[in-house]
Amino acid sequence: METALDYRIARRRMVTEQLRQRGITDDRLLHAFLSVPRQLFIDPALGSRAYDDCSFPIGYDQTISQPFMIAFMVQALEIGPDDRVLEIGTGSGYQSVVLSLLAKEVYSIERITPLARKAEEVLRSIRTGRIRLKVGDGSKGWKGYAPFDRIIVSAVTSSNPDALLSQLTPEGKLIAPIADSSEHIMLFIRRNGRFAKRRLRRCTFVPLKKGVD
Ligand code: SAH
């Protein structure tokens with residue numbers, strides 16, 4: 001049975017070896033990773049492996065993302081303290097917490113009801129920033145709270161996320177895995193009414209699905 005100290009040591013090591021040494025330099029982001037207890041978002045039987053350099057199954061054929069991939073995407077989004085962020089694919093809720101410690105408000109959508117309920121329960125048990133969750137098809141965005149300064153998509157599709165892009169503020173940014181012949185993290189930057197699109201790195205994500213389970 002791991003102690004709080006074991007987890008703190010594993011978390012520090014994760015931040016140094018998996019994030020800092022691989023080019024994650026944003027201090028606010030590194031600080032956020034130091035404060036989120038990843039062990040609460042995965043199967044308790046995994047113990048201190050919670051801070052391993054990988055994704056883990058969270059049930060319903062879904063996974064909690066690899067910490068480095070979350071850090072890479074969130075760093076590329078350059079979230080400011082006054083930003084409102086939309087997250088598609090709450091999953092375990094781990095990334096939602098990281099986002100909430102950087103932004104003013106986080107809106108997160110998950111299509112699998114039991115995962116959303118579980119995430120909600122964990123989020124209620126720890127210190128987070130402001131997070132609003134809902135069950136739904138995130139590919140349509142969240143019109144009632146749009147526009148968003150930043151949007152992050154945690155599941156892969158083959159097409160441009162047009163509905164989501166239309167919910168960005170004029171200087172907004174969206175990051176998402178997109179699959180054509182292969183799968184890449186793409187960053188969309190809105191400027192003067194147009195979108196600049198940058199391909200950042202290869203990746204592997206679970207698929208973005210339509211509707212709600
Ligand atoms: N960052 C999350 C990753 C979860 S995996 C974490 O670290 O826990 C991606 C999640 O996206 C899955 O839970 C999946 O159910 C969800 N998802 C897939 N398609 C979706 C859609 N259209 N709308 C909302 N959520 C979706």
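**Close-up views of the predicted model**

**View 1. P147 sits in the loop between β5 (130-135) and β6 (148-153).** Strands are DSSP runs of E with at least two residues, helices are runs of H or I with at least four, and both are numbered from the N terminus. The peptide bond joining A146 to P147 is cis, with omega at about 0 degrees. That's worth a look, as most peptide bonds are trans. A word on the model: it is predicted, with pLDDT of at least 70 needed for local features and 80 or more for side-chain atom pairs, while totals for chains, interfaces and linings use all residues. Numbering runs from 1 along each chain as its sequence is written, and side-chain values use heavy atoms, leaving out hydrogens and water.

**View 2. S92, E110 and K209 are among the residues closest to the ligand.** From S92, a polar side-chain atom lies 2.7 Å from a ligand oxygen. E110 does likewise, with a polar side-chain atom 2.6 Å from an oxygen atom of the ligand. K209 uses its backbone instead: an N or O atom there is 2.6 Å from a ligand nitrogen. The protein buries 99% of the 580 Å² that the ligand exposes when taken alone (Shrake-Rupley areas, 1.4 Å probe). A polar contact here means a pair of N or O atoms within 3.5 Å.

**View 3. Zooming out a little, 25 residues surround the ligand.** Each has a heavy atom within 4 Å of the ligand, and D137 and G138 also belong to the closest group. By type, the shell splits into nine nonpolar, twelve polar and four charged residues (Asp, Glu, Lys and Arg are charged; Ala, Val, Leu, Ile, Met, Phe, Trp, Tyr, Cys and Pro are nonpolar; the others, Gly among them, are polar). Both β2 (62-64) and β4 (105-110) give the shell at least two residues, and β2 has the largest share, with three. The ligand sits in the largest pocket. On a 1 Å grid over the protein atoms alone, a pocket is an open set with protein on both sides within 12 Å along at least five of seven lines, and a molecule sits in it if more than half of its atoms lie within 2 Å of its grid points.

**View 4. Y107 and V106 are buried neighbours in β4.** Y107 belongs to strand β4, and its relative accessibility is 6%. V106, also in β4, comes out at 1%. Buried means under 20% relative accessible area, exposed over 50%, and partly exposed in between (1.4 Å probe, protein chains only). The C-alpha atoms of Y107 and F148 are 9.2 Å apart, with their positions 41 residues apart along the chain. V106 and P170 are 64 residues apart in sequence, and 18 Å separates their C-alpha atoms.

**View 5. Helix α3 (residues 67-77) is largely enclosed by the rest of the structure, because ten of its eleven residues are buried.** Among the buried ones are P67, F68, M69, I70 and L77. Right after α3 comes E78, with a positive phi near 50 degrees.

**View 6. Y60 and N192 both have a positive phi without being glycine.** Y60, with phi about 60 degrees, is in the loop between β1 (56-59) and β2. For N192, phi is about 50 degrees, and the loop is the one between β8 (183-191) and β9 (194-202). N192 is exposed, at 73% relative accessible area. Most residues other than glycine have a negative phi.

Methods. Polar contact = N/O pair within 3.5 Å; in protein donor to acceptor, adjacent residues only side chain to side chain. 1 Å grid on protein atoms, 1.4 Å probe; cavity = no way out; pocket = protein on both sides within 12 Å on 5 of 7 lines; lining within 4 Å.
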